[in-house]
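Hi,

Here is the structure I promised to pass on. Have a look at it first, and my notes on what turned up follow below.

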Amino acid sequence: MDSLRILLVDDHEPVRRGVRSLLSSHADWLVCGEAVDGLDAIEKAKALRPNVVLMDISMPRMNGLDATQILRRDMPDSKIVIVSQNDSAIACRQATEVDAAAYVAKSSLSDDLVPTIEKVISREPKNGSHPMSATAGYAVSSWLPSEAEDRLLHLAAIVDSSNDGIISKNLDGVITSWNKTAERLFGYSAEEAVGRHITLIIPPDRRPEEAVILERLKRGERVEHFETVRVRKDGAMLDVSLTISPVKDSEGRVIGASKVARDFTAQKRTEQTLRESEQRLRALTDTLEAQVRARTMELERRNREVLHQSKKLRELSHRLIEIQDNERRHIARELHDSAGQILAALGMNLATIVRNVKLNAPKLARQAEESEQMVRELSREIRTTSYLLHPPLLDECGLAESLLWYIRGLKERSGLDVTLAISEDFGRLTPEMELVIFRIVQECLTNVHRHSGSKVAAIEINRGPESITLSVQDEGSGIPSEKLLEIESQGGGVGIRGMRERVLQFGGEMALQSGAMGTKISVFFPAADLRPAEEVPGAALT
């Protein structure tokens, strides 16, 4: 019988050594190679052709999730088991997303690694399923044809409910589809429009535009934000903005066009009204400018002096906050890379000792088992401390997952019951913005636990087109009125001052309300800082 070939991928040598020791219990299992990062894993996997790859997540150059996706594409016969020290629920979900065969937590390697490998190699996937669990169980994931149909129906419903008129036509200009909004905009029902030429809604003096557009579409070009005029069924003219995209068949040939029409007639009328109002206002203000200018120059001079001093203070404050966050990140990394990884390796060594001496020295085995349990508890404590200093989930999974992890841990440590309201499609922000929101929530909940006497707290985070709002509210005794006046006039203690500075760093505003029913802190961030976060390969901590 051929040996089972296993490739170990982890950037920490003590962990690889410990895993080798665990795998030695199977004489027919061969560790055919070791890799220290994702790129190294891809090269060695292609050269060694292993049956099983044990893949860490967080590594330099390329992380394990990216490497897994490449290996699943290029070497589908190799089974990949994700091994990570991250939160089990998050890591298990990530492993499922990249089609790994299974997931094992580093803290449970001594108990679960060997059984998981045995199950992975003993089961052949059926109907697209694969084993996956937080330790060593199985959960089936499959894609059914009916789901594809549901997705098509869902996409059709989205088109039909869009606020924009969406029309498709072939290259001869014949209308092939016409959504509900197109009916409302142009006055023709879908039955009236489909099958007729697109000139149905194009005024005679605008028809040369259509020929130019069709030529561009035949070349595969996209026409964006083309402002023009179209005509309704009742003869009324509409100012519209068009975005027109070529529709291609499975072989890439252009077979038609999709047109999105947005009515901005009211907007143009509003703009004209505004221009007229501006002209009248300008005529009124011209006579005041000379009188105001002299006074304004004096105020501006004094204001510049004040702003200069304020800017210096704010720059110093921002720099101190940045240094503090960098130091937290550095300490968290040191705890993870040194103590955390060494403890993981120590735990595996103790597990090997227990296995080897159970029969010959049961008393020593019990002591070793107790030591192994203490190592696990210490590993959890170090990981919790590291995560509180700088949560790696913030880099890997975003704000919502990080806050849920922090709330669960706080409840275990303090008993504080916290609810979090944040939409599932909240998305990612810049790393700096996500860190600021996380630190504000962290400081607020710490104050609730230490000072309010409340057993509950509620967090609400909303993202709109022009702002992000955050609120944290408790049901405690509230802040005494004298203390509240002091906070409003002098800025409060270190914690509240720190939150205000973080908010001001992004041009935001913070408000504090408190009474007999509890305390509420509200934060507003303007649209200027809602740019999406850049994709960062790799995760922070495993």
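Strand E6 (residues 165-170) runs antiparallel to strand E10 (residues 254-263), and six bridges hold the pair. Keep in mind while reading that this is a predicted model. Two of the bridge partners are handy for finding your way around: Gly165 is matched with Ala261 of E10, and Asn170 with Gly256 of E10. E10 also pairs with strand E9 (residues 237-248), again antiparallel, over nine bridges. Thr243 has Val260 in E10 as its bridge partner there.

Those strands belong to an open sheet of five, in the order E7-E6-E10-E9-E8, with antiparallel pairing. Which strands stand at the edges? They are E7 (175-178) and E8 (223-231); each has a single partner strand, so one side of each has no neighbour in the sheet. On average, neighbouring strands here are turned by 30 degrees against each other, ignoring direction. Helix H9 (residues 207-218) packs on this sheet and touches E6, E8, E9 and E10, with its direction at about 150 degrees to that of E8.

There is another five-stranded open sheet, ordered E11-E12-E13-E15-E14, and its pairing is mixed. Its edges are E11 (417-422) and E14 (509-515); each of these has just a single partner strand, so one side of each is left free of a neighbour in the sheet. The twist from one strand to the next averages 10 degrees. Helix H13 (residues 399-414) packs on the sheet, where it touches E11 and E12, and its direction makes about 170 degrees with that of E11. Helix H14 (residues 431-452) lies across E11, E12, E13 and E15 (518-526), at about 15 degrees to E13.

Now for the pairings inside that sheet. E12 (residues 456-463) and E13 (residues 467-474) are antiparallel, with seven bridges between them, and Ile459 finds its bridge partner in Val472 of E13. E14 and E15 are antiparallel too, over seven bridges. A hairpin of two residues links E14 to E15, and Ser514 has Thr519 of E15 as its bridge partner.

One residue of this sheet that I looked at separately is Ser471, which sits in strand E13. Is Ser471 buried or exposed? Its relative accessible area is 14%, and since buried means under 20%, Ser471 counts as buried. Setting aside neighbours within four places in sequence, Ser471 is in contact with Ala458, Ile459, Glu460, Lys520, Ile521 and Ser522.

For contrast, take Lys46, in helix H2 (residues 38-48). Lys46 has a relative accessibility of 42%, so it is classed as partly exposed. Leaving out residues up to four places away in sequence, Lys46 touches Asp74 and Met75. Between Lys46 and Leu71 there are 8.6 Å from C-alpha to C-alpha, although the two are 25 residues apart in sequence.

Next, the empty space. How many cavities of 30 Å³ or more does the structure hold? There are three, and the largest has a volume of about 120 Å³. Its lining is made of 13 residues, with Lys106, Ser107, Ala344, Gly347 and Arg376 lying nearest the centre. Helices H5, H10 (265-357) and H11 (362-389) each give at least two residues to the lining of this largest cavity.

H5 (residues 109-122) is worth a few words of its own. It has 14 residues and reaches 19 Å from first C-alpha to last, close to the 20 Å expected at 1.5 Å a residue. Its buried residues are Leu109, Asp112, Leu113, Val114, Thr116, Ile117 and Val120.

Finally, the overall picture. The chain has 16 helices and 15 strands. Of its 542 residues, 42% are buried. Looking at contacts between residues at least 6 apart in sequence, 60% join residues at least 24 apart.

That's what I have for now.

Cheers

Definitions and conventions. Residues numbered from 1 in each chain as written. Predicted model: local features only at pLDDT ≥ 70, side-chain atom pairs only at ≥ 80, totals over all residues. Heavy atoms only, no water. Helix = DSSP H or I, 4+ residues; strand = E, 2+ residues; numbered from the N terminus. Expected span 1.5 Å × (residues − 1). Buried < 20%, exposed > 50% of the residue type's maximum accessible area, 1.4 Å probe, protein only. Pairing = 2+ DSSP bridges. Axes fitted to C-alpha atoms, helices over the stretch in contact; angles between N-to-C directions. Contact = heavy atoms within 4.5 Å. 1 Å grid on protein atoms, 1.4 Å probe; cavity = no way out; pocket = protein on both sides within 12 Å on 5 of 7 lines; lining within 4 Å. Points joined across faces, edges and corners; volume = space filled by probe spheres on them.
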